[in-house]
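Thank you all for making time this morning. I would like to walk you through one structure, starting at its surface and then moving to its interior.

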Amino acid sequence: MNKTFKIVITVLLIAASVVSCVFVARKTSSSDTYTGVIGSIDQKKEDVLKLTAATTATTVAISMLPSDWGDPVANEIADFADYFLLILGVLFTEKFLLTIFGSISCRVLIPLACLIFIFGIWKGSRTAGRLGAKVFALGLALVLIIPLSMKASDMVDDVYQNTINETVSSVETFEDSAEQSSGLSIVTGELDRLKEMAEDTINSFLESIAVLIVTSCVIPILGVLFIVWLFKRVIDTAYTLSEKTEEKEYSMQ
């Protein structure tokens, strides 16, 4: 690699670093850029708040039933609120990190990768080149992680959104039945029916919690692991091919 080529590459890398810090960072750190992703997160938050309110309504409704059976079940359903609080915290964190990751990537990681590339070019260090590629890949991954994981989550939500709607509907039905029976002396058959409705409501809550945990927690984590693995494989493969090509050219000389 001659000196002129090194100078040209260095100038291009410095320009790329400046563009990333000054111009691209404005986009990636602005919430307006992620309107669709934020809307998706807000929709999930709305579902979580809706289900949290439903747990409270169900607890109140069950408390109207005979205490020897109703109190333990009401306490069990009240515990579901802890899961919803956890999911809500994850959603708030994702919304917060969305612009933070974009800012860190474009203002820190990508310029750092460019500097490492420049060092590698002038020192002839393949190790520096590999490190720079990994830092650049990490910066790109941070920008893509949450939008891509939310896109995958939306695909799952489209399939299982009815689960959450059915849960809220079953809570409303159970609450109405419990209120109608609360002032009466509940006969055995009516109590058995209310118990069955309460069990169905609990099952609906469990299904909704499972869906929300998968879409809000599991998929983003898997998305991070997959993107990091993918970039690592691409970089390692590229450098392995480059080394083999150089070895072949050297052997032919």
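Let me begin on the outside, with a nonpolar surface patch made up of Ile14, Val18, Val19, Val22, Phe23 and Val24, which together have about 470 Å² of accessible area. Please keep in mind that what you see is a predicted model. One member of the patch, Val19, sits in helix α1, which covers residues 3–28, and because its relative accessibility is 39%, Val19 counts as partly exposed. As a general reminder, an α-helix has 3.6 residues a turn, so residues three or four places apart point the same way.

Now to the interior, where the largest nonpolar core has 42 residues, and where Phe84 and Phe205 are the ones that touch the most other members. Helices α2 (35–63), α3 (67–78), α4, α5 (126–182) and α6 (188–252) each supply at least two residues of this core, and α5 gives the largest share, with eleven residues. Which residues does Phe205 touch, if we leave out those up to four places away in sequence? They are Leu51, Ala54, Thr55, Thr58, Ile77, Phe80, Phe84, Thr167 and Val171. Apart from this core lies another one, of five residues, and among them are Leu13, Cys114, Ile118 and Ile121.

Finally, I would ask you to follow helix α4, residues 80–123, along its length, since there is a kink of about 40° in this helix, centred on Ser105. After α4 comes Gly124, and the phi of Gly124 is positive, near 65°.

Note on methods:
Residues are numbered from 1 along each chain as its sequence is written. This is a predicted model: local features need pLDDT of at least 70, side-chain atom pairs count only at pLDDT 80 or more; totals for chains, interfaces and linings use all residues. Side-chain values use heavy atoms; hydrogens and water are left out. Patches are made of residues with over 30% relative accessible area and no salt bridge: like charges are joined within 9 Å, nonpolar side chains (Val, Leu, Ile, Met, Phe, Trp, Tyr) within 5 Å. Accessible areas come from the Shrake-Rupley method with a 1.4 Å probe; for residues, only the protein chains shown count as cover. A salt bridge is a side-chain nitrogen of Lys or Arg within 4 Å of a carboxyl oxygen of Asp or Glu. Helices (H or I, at least four residues) and strands (E, at least two) are DSSP runs, numbered from the N terminus. Buried means under 20% relative accessible area, exposed over 50%, partly exposed in between (1.4 Å probe, protein chains only). The bend at a residue is the angle between axes fitted to the seven residues ending there and the seven starting there. A nonpolar core is a set of buried Ala, Val, Leu, Ile, Met, Phe, Trp, Tyr and Cys residues joined through side-chain atoms within 4.5 Å. Contact means heavy atoms within 4.5 Å.
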